[in-house]
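Let's take a look at the aromatic rings in this one and see who pairs with whom. Here is the model.

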Amino acid sequence: LDRYAVIGHPVAHSKSPFIHAAFARQTGQKLSYDAVEVLPELLADVLAQLHAEPYQGLNVTLPHKLAVAALCESVSERAKLAGAVNTLVRTASGWAGDNTDGVGFIRDLTVNLGVALAGKRVLLLGAGGAARGLIAPILAERPAELAVSNRNPWKPEELAEQFKALGPIVPRTHLSLKGDRYDLVINATSAGHAGTLPRLPGQIVAEGGVCYDLSYGTAAEPFCAWARAQGAVLSADGLGMLVEQAAAAFEIWRGVRPETAPVLAALRTPEP
Ligand code: ATR
């Protein structure tokens, strides 16, 4: 039986085992998928151990997405651009690092939700690891502008400098957004995990505008509530992105693309 796992800390509440078990059933693939709790200081040892056992592939979640890159034998171009690795593929002598978060986000937005990015004014809130991973994938869709806004002004400036060759990226701060309007506003801050959202001026969501929070569950609630109050025609959480990044990893590992819609629907069904 081919073995896979998600590694993280904490990892007990990860939805990845549920998602990959559903993909495996649906596609008739025989595999196992566990959640492995890994302390940061043990990351290198555990990666070697899981390789030896052997595991065929791993997903990587917080807080290991950055650290894992340095422990890979090779890292894909898109993972280098994201500065993070979320998928590991076994090689004979180590792990190849990849990142499916960006394609997962773009697929959820464009295919599942039917929102195109070409020619749109896009606002990315936050300039940490989560925001960074979306910049190259968004610019590849040819938006009219990608504004990256943050509390701390230095981080967007650094990101804009680094990604400027890929498209029209503009560094901003939240308060400076007053008077501007965006067709798509993406929350990539971690503020929702503290039950809040960035302080934003009103009226930055354009007529017919869409809002998307990368987190899901209670962490997505403050921003999604703000989005609805601002008149967004659609206010989505990141559960679809979670399922899509998993599907992209599954396809890399198994060579078959699972159907994401039934799995997303199952995750959205309240537990009895
Ligand atoms: P992640 O990996 O989730 O992106 P991170 O790299 O620590 O985590 O980045 C957190 C992001 O959320 C940053 O953009 C941070 O803004 P600052 O750089 O200005 O600190 C943002 N953030 C966190 N809490 C916030 C809050 N209460 N209001 C606004 N932005 C917040």
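## Aromatic pairs

In this predicted model, the count of aromatic pairs comes to five. Take F23 and F250: their ring centres are 5.5 Å apart and their planes meet at 70°, so this pair is edge-to-face. The cut-off that matters here is an angle over 60 degrees.

What does that pair tie together? F23 belongs to helix α1 (residues 16-27) and F250 to helix α8 (residues 239-254), so the contact joins parts that are 227 residues apart in sequence. Both partners are tucked away: F23 is buried at a relative accessible area of 0%, and F250 is buried, also with 0%.

## Y33, W253 and a cluster

Helix α8 turns up again with W253, which pairs with Y33 of strand β2 (residues 31-37), and here the two residues are 220 apart. This pair is tilted, with 6.4 Å from centre to centre and 45° between the planes.

Are these two buried or exposed? Y33 has a relative accessible area of 11% and is buried; W253 is buried too, at 13%. For both, the reasoning rests on the cut-off for buried, which is under 20%. Y33 and W253 also have company, as they form one aromatic cluster with Y4.

## A charge over a ring

Finally, there's a contact between a charge and a ring. Which residue has its charged end over the ring of Y182? That's R121, and its charged end sits 4.8 Å from the ring centre.

Note on methods
Residues are numbered from 1 along each chain as its sequence is written. This is a predicted model: local features need pLDDT of at least 70, side-chain atom pairs count only at pLDDT 80 or more; totals for chains, interfaces and linings use all residues. Side-chain values use heavy atoms; hydrogens and water are left out. Rings of Phe, Tyr and Trp (its six-membered ring) pair if their centres lie within 6.5 Å; planes under 30 degrees apart count as stacked, over 60 as edge-to-face and the rest as tilted. Helices (H or I, at least four residues) and strands (E, at least two) are DSSP runs, numbered from the N terminus. Buried means under 20% relative accessible area, exposed over 50%, partly exposed in between (1.4 Å probe, protein chains only). A charge sits over a ring if NZ of Lys or CZ of Arg is within 6 Å of the ring centre and within 35 degrees of the ring normal.
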